Amino acid sequence: ALQHRLWPDIDRLVKQQVAMSRMGIGDCGTGWQLFAEDGEMKMYRREEEIDGMVVDPLKAVHIVKGITGHEVCHYFFNPKYRYDWETTLEHMTVLENISDDTLVFLQTHKRIWPASQRDVVFWSHIRKLPNDQDRDGPDIWTVVNNSTESPEHPANVGKCVRIYLTVCLLCQTRVHPPKDGAPITRDDVSCKITYCSVVNPGGWAPASVLRAVYKREYPKFLKRFTAYVINQTKNKPLMF
Ligand SMILES: CCCCCc1ccc(-c2ccc(S(=O)(=O)CCO)cc2)cc1[C@H]1C[C@H]1c1ccccn1
């Protein structure tokens with residue numbers, strides 16, 4: 001395929017993020033603390049600071065019945081759905097349509113008192129990966145979002161503080177074939193979702209405020225997003 005300017009970065013980061021996501025919490029070494037749990041959803045964080053700024057890595061694992069990894073990644077990647085599920089979003093622009101699987105976004109997020117408002121520029125890439133652990137299992141789907149520069153939108157010139165993030169959504173579909181050989185329905189599928197993110201808040205914000213924001217916003221985001229995908233797909237044919 002024709003390579004574009006971001007391709008080497010994207011390819012390297014996707015491979016690195018997928019490898020990290022596939023590691024369980026256990027073998028990521030210690031330091032992960034469970035901070036939120038709701039049914040099948042478990043959220044872990046590590047407390048890390050860079051230059052006194054909270055950049056706590058987050059890892060969430062969730063198992064959702066009735067949807068596939070392709071569907072989860074489709075609704076996460078495609079800009080036309082984002083305002084429906086991203087509650088902290090104030091404005092979103094697609095700066096570049098690099099290819100049908102790679103976009104560059106500019107997003108401004110609602111201000112969270114007492115911190116100043118944030119914006120972010122990132123490339124977003126969706127990819128299907130062969131399921132090398134279970135050869136005849138369904139493919140794995142992933143979306144990786146990673147901050148990038150935009151000459152037209154330099155950091156910290158307007159009212160917003162630029163944040164920097166790396167996000168990886170990795171989805172493994174599981175099919176539980178019906179005994180009587182009947183066609184597969186939504187009752188026979190589930191999706192194991194791993195969501196990893198590291199957000200550097202850019203300018204300084206009180207550690208207590210940031211940790212409270214993350215503790216509130218991440219569980220809300222994953223629950224709302226997965227409920228959105230269930231609702232959007234329930235009367236549609238399965239997308240594998
Ligand atoms: C003082 C607060 C500073 C940080 C505010 C902020 C900005 C962007 C983001 C963010 C930006 C992108 C992504 S994504 O996964 O790529 C999807 C596409 O939107 C995810 C999260 C997060 C937060 C932090 C609110 C926290 C928060 C956490 C989950 C959801 C929303 N807000």
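At a relative accessibility of 74%, Asp51 counts as exposed in this predicted model. The residue is found in the loop that connects β3 (49-50) with β4 (53-54). Its backbone is notable in that phi is positive, about 50°, although Asp51 is not a glycine. A positive phi, near 60°, is also found at Asn156, another residue other than glycine. Asn156 belongs to the loop between β9 (140-147) and β10 (161-162). With a relative accessible area of 47%, Asn156 is classed as partly exposed, because it falls between the limits of 20% for buried and 50% for exposed residues. A further backbone feature occurs in the loop between β7 (102-109) and β8 (118-129), where Pro114 lies. The peptide bond that joins Trp113 to Pro114 is cis, with omega at about 0°.

Confidence in the prediction was considered next. The protein chain has an average pLDDT of 93, and 98% of the residues score at least 70. For the model, the scores are ipTM 0.94 and pTM 0.95. Where pLDDT is low, predicted coordinates should not be read in detail.

The interior was then examined. In soluble globular proteins, nonpolar side chains tend to be buried together. In this model, the largest nonpolar core contains 46 residues, of which Met43, Val72, Phe76, Leu169 and Tyr195 touch the most other members. Helix α4 (residues 207-233) supplies the largest share of this core, namely 10 residues. A second core, separate from this one, has 15 residues, among them Val14, Trp123, Leu129 and Val144.

Val72 illustrates how parts of the chain that are distant in sequence meet. When residues up to four places away in sequence are not counted, Val72 touches Ile67, Leu169, Cys171, Cys191, Ile193, Phe225 and Val229. Helix α2 (residues 69-77) is mostly covered, with eight of its nine residues buried. The buried residues of α2 are Gly69, His70, Glu71, Val72, Cys73, Tyr75, Phe76 and Phe77.

Burial also extends to residues in the strands. Lys59 is located in strand β5 (residues 58-65). The relative accessible area of Lys59 is 3%, so this residue is buried, the limit being under 20%. The side chain of Lys59 reaches the backbone oxygen of Met20 at a distance of 3.2 Å. Thr194, in turn, is placed in strand β12. Thr194 is likewise counted as buried, because its relative accessibility is 3%. Apart from neighbours within four places in sequence, the contacts of Thr194 are Ser21, Lys59, Ala60, Cys168, Leu169 and Leu170. Lys59 is thus one of the residues in contact with Thr194, and Leu169, another of these contacts, is also touched by Val72.

Finally, the pockets of the model were considered. The largest pocket has a volume of about 220 Å³. It is lined by 12 residues, and those closest to its centre are Met20, Trp32, Pro57, Cys196 and Val198. Two or more lining residues are contributed by each of the elements α1 (7-22), β5 and β12 (189-200). Met20 therefore appears in two settings: its backbone oxygen is reached by the side chain of Lys59, a residue that is buried, and Met20 is among the residues closest to the centre of the largest pocket.

Conventions. Residues are numbered from 1 along each chain as its sequence is written. This is a predicted model: local features need pLDDT of at least 70, side-chain atom pairs count only at pLDDT 80 or more; totals for chains, interfaces and linings use all residues. Side-chain values use heavy atoms; hydrogens and water are left out. A nonpolar core is a set of buried Ala, Val, Leu, Ile, Met, Phe, Trp, Tyr and Cys residues joined through side-chain atoms within 4.5 Å. Buried means under 20% relative accessible area, exposed over 50%, partly exposed in between (1.4 Å probe, protein chains only). Helices (H or I, at least four residues) and strands (E, at least two) are DSSP runs, numbered from the N terminus. Contact means heavy atoms within 4.5 Å. pLDDT is the predictor's confidence in each residue, from 0 to 100. A polar contact is a pair of N or O atoms within 3.5 Å; within protein, one must be able to donate a hydrogen and the other to accept it, and residues adjacent in sequence count only if both atoms are side-chain atoms. On a 1 Å grid over the protein atoms alone, a cavity is a set of points where a 1.4 Å probe fits but cannot get out, and a pocket is an open set with protein on both sides within 12 Å along at least five of seven lines; lining residues have an atom within 4 Å of a point. Grid points are joined across faces, edges and corners, and a volume is the space filled by probe spheres set on the points.
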